[in-house]
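Got the model open in your viewer? Let's walk through it together, one selection at a time.

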Amino acid sequence: MPSHPSQLSSPRIAVGPAGWAAALLLALSACAAPAPKPAPATPNAAAAPNPADPLQRLRPLCGKAYAGRVVVDTPKSADDPFAGKPLIMHVRNCGLTEIRVPFHVGEDRSRTWVFSARDGRLRLKHDHRHADGSPDALTQYGGDQRAPGVQRPGEIAGRYEFPADAYSQDMFRKLGREVSVPNVWAVEIDAQRFVYELARPGRLFRVEFDLSQPIAPPPPPWGG
């Protein structure tokens with residue numbers, strides 16, 4: 001049993017120059033400032049392009065023209081304006097948010113489909129012109145693409161539907177074309193074909209264009 005309080009103290013350990021250096025480094029590292037956190041993204045940073053933009057399906061066709069044919073026309077009218085005439089679509093004007101596609105029916109160059117981007121969805125409008133370039137009374141009708149999840153069950157990929165919007169419905173009524181109020185237009189785009197469709201109760205019209213065989217571009221549309 002120890003007889004002196006000094007015998008209860010811990011033994012002293014000699015520390016050489018290397019030990020002091022290590023202790024100094026350890027103390028300095030403990031006082032070092034923490035690593036800075038990455039700065040948050042600025043709210044006005046440029047947004048990445050939306051890969052789901054439906055206009056991207058049309059962009060590979062820019063500048064090209066394609067021949068088409070009527071595949072469905074029910075009921076067929078006695079004065080069918082498409083019968084026996086060459087049908088040509090021309091993806092003529094391609095902007096950042098708008099693509100214009102004239103639809104030629106023989107020598108009639110009055111029709112242009114106008115596709116524009118609206119919040120990641122398409123809008124389809126019909127620009128109708130007279131031969132002098134002035135707008136027809138029945139023009140700028142169309143609508144916005146159905147919202148995701150509202151498409152009909154079983155629809156194929158690459159199909160976009162455009163119910164007539166309020167502007168179009170009001171114009172149809174004013175011009176005595178109430179039959180067109182429930183119009184739903186649609187386009188289908190894949191690697192081989194482009195389809196334009198008009199549907200309403202009792203009426204179905206479809207034109208199909210062969211995208212595998214570009215043809216010589218036609219003259220500009222009226223007013224184009």
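Start by selecting Y141, which is buried, with a relative accessible area of 10%. This is a predicted model, so keep that in mind as you click around. Now add W185, which is buried too, at a relative accessible area of 1%. Of the 10 aromatic pairs in the structure, Y141 and W185 form one that is tilted, with 5.6 Å centre to centre and 35° between the planes. Colour by sequence position and you'll see that this pair links distant parts of the chain: Y141 belongs to strand β7 and W185 to strand β9, 44 residues apart.

While you have rings on display, pick out F82, F103, W113, F194, Y196, F205 and F209. What links them? Ring pairs join these residues into a cluster.

**Helix α2**

Next, select residues 166–174, which make up helix α2. Which of its residues are buried? Show S168, M171 and F172 as sticks: those are the ones. Now turn the view until you look down the axis of α2. The buried residues fall within an arc of 100°, so they line one face of the helix. Swing round to the face turned away from that buried side, and you'll find the exposed residues A166 and K174.

What covers the buried residues of α2? Select β6 (121–128), β7 (141–144) and β9 (184–189), which are among the elements that do so. You've met two of these strands already, since Y141 sits in β7 and W185 in β9.

Stay on the helix and show the side chains of R173 and D170. They meet in a salt bridge, 3.7 Å from N to O. Both residues lie in α2, three residues apart, which is about one turn of the helix. Here's the geometry behind that: an α-helix has 3.6 residues a turn, so residues three or four places apart point the same way. Are these two buried or exposed? Neither: R173 counts as partly exposed at 41% relative accessibility, and D170 is partly exposed with a relative accessible area of 43%.

Before you leave, step past the end of α2 to G176, which follows the helix and has a positive phi, near 75°.

**More salt bridges**

The structure holds 20 salt bridges, so there are others to visit. Select K125 and D165, whose side chains meet at 2.8 Å, N to O. This pair links distant parts of the chain, with K125 in strand β6 and D165 in the loop between β8 (159–163) and α2, 40 residues apart. K125 is buried, with a relative accessible area of 14%.

Then jump to D80 and K76. Their closest N and O atoms are 2.9 Å apart, and the two form a salt bridge. Switch on a surface and compare the partners: D80 is buried, with a relative accessible area of 13%, whereas K76 is exposed at 57%.

**Strand β1 and its partners**

Now select residues 65–74, strand β1. Which strands does β1 pair with? One is β2 (residues 87–90), in the antiparallel sense over four bridges. To see a bridge there, click A67 and look for its partner I88 in β2. Another is β11 (residues 203–215), also antiparallel, over eight bridges. On that side, R69 stands opposite E208 in β11.

**The disulfide**

For the last stop, select C62 and C94. The structure holds one disulfide, and here it is: the sulfur atoms of C62 and C94 are 2.0 Å apart. C62 lies in the loop between α1 (17–31) and β1, and C94 in strand β3 (residues 93–94), so the pair ties together parts that are 32 residues apart in sequence. Check the torsion about the S-S bond in your viewer: at about -110°, the disulfide is left-handed. How accessible are the two cysteines? C62 counts as partly exposed at 27% relative accessibility, and C94 is partly exposed as well, with a relative accessible area of 34%.

Methods
Residues numbered from 1 in each chain as written. Predicted model: local features only at pLDDT ≥ 70, side-chain atom pairs only at ≥ 80, totals over all residues. Heavy atoms only, no water. Buried < 20%, exposed > 50% of the residue type's maximum accessible area, 1.4 Å probe, protein only. Helix = DSSP H or I, 4+ residues; strand = E, 2+ residues; numbered from the N terminus. Arc of directions from axis to C-beta. Contact = heavy atoms within 4.5 Å. Pairing = 2+ DSSP bridges. Disulfide = S-S within 2.5 Å. Phe/Tyr/Trp six-rings, centres within 6.5 Å; stacked < 30°, edge-to-face > 60°. Salt bridge = Lys/Arg side-chain N within 4 Å of Asp/Glu carboxyl O.
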